[in-house]
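Please take a moment to look over the sequence and the model below, and then follow the text from the whole chain down to a single residue.

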Amino acid sequence: MKLFEFEAKRLLVKYSIPVPEGVLLSDEKQMAEFADKLAPPYVLKAQVLVGGRQKEGGVLFADSIDEAQKAAQSLLGKDVKNLPVNKLLVEKKLPVKRELYVSITIDRLKQMYVTLSSTNGGVNIEEVASKNPLAVTKMLINPQHGLKSYRATAMAKKLGYCGTQLLELTKIINNLYLAVIENDAELVEINPLAELDNGKFAALDCHVLIDDNSLYRQQEYKTILTEREKTAEENYALKKDLSYVKLDGDIGVIANGAGLEMTTLDLINYYGGKPANFLDLGGGATIQRITHALQIVLFDVDTKIILVNILGGITHCDEAAQSIIDTLNIYRVRKPVIVRLAGTNQEEGKRILSEAGIQSVDSMEEAAKLTVETVKKGV
Amino acid sequence: MTIMGILINRDTRAIIQGMTGKQGSYHCVLMREYGTRIVAGVTPGKGGTILNNVPVFDMVEEAVKKFTPNASIIFVPAESALEAAMEAIDNKIKTIVIITERLPIKDAITLIYTATQSQVTIIGPNTPGVITPGECKLGVMPASVFTKGKVGLISRSGTLTYEIANCLSKERIGQSTCLGVGGDPVVGFNFIESLKRFKDDEQTKAIALIGEIGGNLEELTAQYIAQTHYPKPVVAFIAGVSAPPEKRMGHAGAIIMNNQGTAKSKIEAFTNAGVKVAEKPSDIAKLLIKECGTEILSE
């Protein structure tokens, strides 16, 4: 789960990591209210869950309240990278001496948390790393001992600091680690962490990714989870325990298993078709989920045809077939459905489908091919 | 008769942690039907009862004292999975299969580290388990698609693995051991470890490896294969060739971030390492026969 910049900064503040003074706007008229609280110059940042906002015009500058109001008006309600801007973070623009990069994330190979730091802050860190690997310092964090304070000191020293600044930066790094651990974050990235003209530090931008699997124990994040980055269908799917991602084709695809679903989508592409979605029914008995999944793809205006791919182990093919028939009978929406059924009670399942006039295919590859051909012929 | 299997075999004595839950109980029956020696179940509060003809204990320690199991399969919910696994590790159980999905990454990190320090093999989390066809099944996979044979099958997926095992079995290409490493970003026993064991396993003549987008496990595996001049043929299939970036495709670990972890990168890495990569599942059998000849077919 991605946090908006303003949420990420609230988290930093909670952990005593300094951020610029700022206000959150959802209406440009609010700018006048904040005039006495926040003096210019301003930086106005569209709160959208994508990187690279600046290039897309999602970050504007203003030297007065009037300019800020106009800038706010131009940003609010518009799209940045196809995402609507509902909120703006308006901050005091601070005089920056140097931009650093500091983050804590997960090293999937070493299976540990890792700190990344660089004096090349303010730019895309992958680009920095690929051009000059030595410019990014990595430090694994031992899972048993956590981030030891002296290691944080070492990181801060490597970034070029001593004296009071060394202590300040060390404190920020230690607190960053606590923020990660206590919030089940997969990533907390401060880019840039600015050294200001006055020698103090401030996190000018922050990306936080909270582990979706930890939400059961992160109540605060659980309650703000819905509606972000997700369409109405994706939110519905989430509630029904389905894994759903909208894509831009016209073939609705459902399968039981993420790898199986991905492969089914790959096969659709292989045979020249375009999937409208990724939808994984999940493992185990999936009969109820079939109904909800079918609902989603049937009512997706973009789908012209639906392919259901079930490899049933625990899931019985005859029950799956019955569920498909029952669901189609409830809804008047008529779209062709092709089913691939294999596994437990396969023959019985195919019989049930055939009696209801639904086409079933034994092989996954044949099913994908047939689906694409059917769409191409025109449905 | 030689004992087969790189991880489990007919002599494996397993306990089920979370046996009295719906999933645990259901799969206990299926595993026992397959021939797996389930010696005990562990569910705190249910000690002293018997379920599916298997005695249930409150603690792993009690089960260990009575039956000396050498493996455990864990069905407990995500909130308690770390604790359950730690309990098994503390009681020196050497092989632990974690079926549980949605384990928080922080817990997985703690778990894998602790296991490594104690030289305990963790399979999973979020895995369908491991099966040595004809001998032992510690998992939830449908037994019928697997047949005994000479190909080691390793995968990050669940049902896709069954699909491929099914394809292979239909072509008379049986499996020596099939193992799901799990769909999460942080997992225990991975491809490289599996390859190491398969290398020394006489029954295994070739390996089929099923990867997917996200992370760089496949790339590192390709490196390992190249660097060690891996002595047995390896054939691969990568799911997610058509997946868009920045979207998680079901598995917690299946996400292309910042251009890293694309199917293309994995296919390239394998191809450069001399691994033949199948374009679609049905090609895997064809490639195996091409690489190994008919000797790869089961007897």
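In this predicted model, the secondary structure of chain A is made up of 13 helices together with 18 strands. If a box is laid along the principal axes, the C-alpha atoms of chain A fill roughly 80 × 50 × 40 Å.

Within that box, one can ask how the residues are covered and how they meet. Of the 379 residues in chain A, 53% are buried. When the contacts of chain A with a separation of 6 or more are counted, 66% of them involve residues that lie 24 or more positions apart.

The outside of the chain can be described in a similar way. Chain A exposes about 16,900 Å², and carbon and sulfur atoms supply 51% of this area. Chain A also carries 46 positive and 50 negative charges, and the mean positions of these two groups are 4 Å apart.

From here the view can narrow to one residue. A:Val50 sits in the loop that runs between strand E2 (42-46) and strand E3 (59-62) of chain A. Is A:Val50 buried or exposed? Its relative accessible area is 24%, and because buried means under 20% and exposed means over 50%, A:Val50 counts as partly exposed.

The surroundings of A:Val50 complete the picture. Once its neighbours within four places in sequence are set aside, A:Val50 is in contact with A:Lys81 and A:Leu83. A:Cys206 is 156 residues away from A:Val50 in sequence, while the distance in space between the two, from C-alpha to C-alpha, is 12 Å.

How values were computed. Residues numbered from 1 in each chain as written. Chains lettered and ligands numbered in written order. Predicted model: local features only at pLDDT ≥ 70, side-chain atom pairs only at ≥ 80, totals over all residues. Heavy atoms only, no water. Helix = DSSP H or I, 4+ residues; strand = E, 2+ residues; numbered from the N terminus. Buried < 20%, exposed > 50% of the residue type's maximum accessible area, 1.4 Å probe, protein only. Contact = heavy atoms within 4.5 Å. Areas by Shrake-Rupley, 256 points an atom, 1.4 Å probe, with all protein chains shown as cover. Lys, Arg positive; Asp, Glu negative; His and termini not counted. Charge placed at Lys NZ, Arg CZ, Asp CG, Glu CD.
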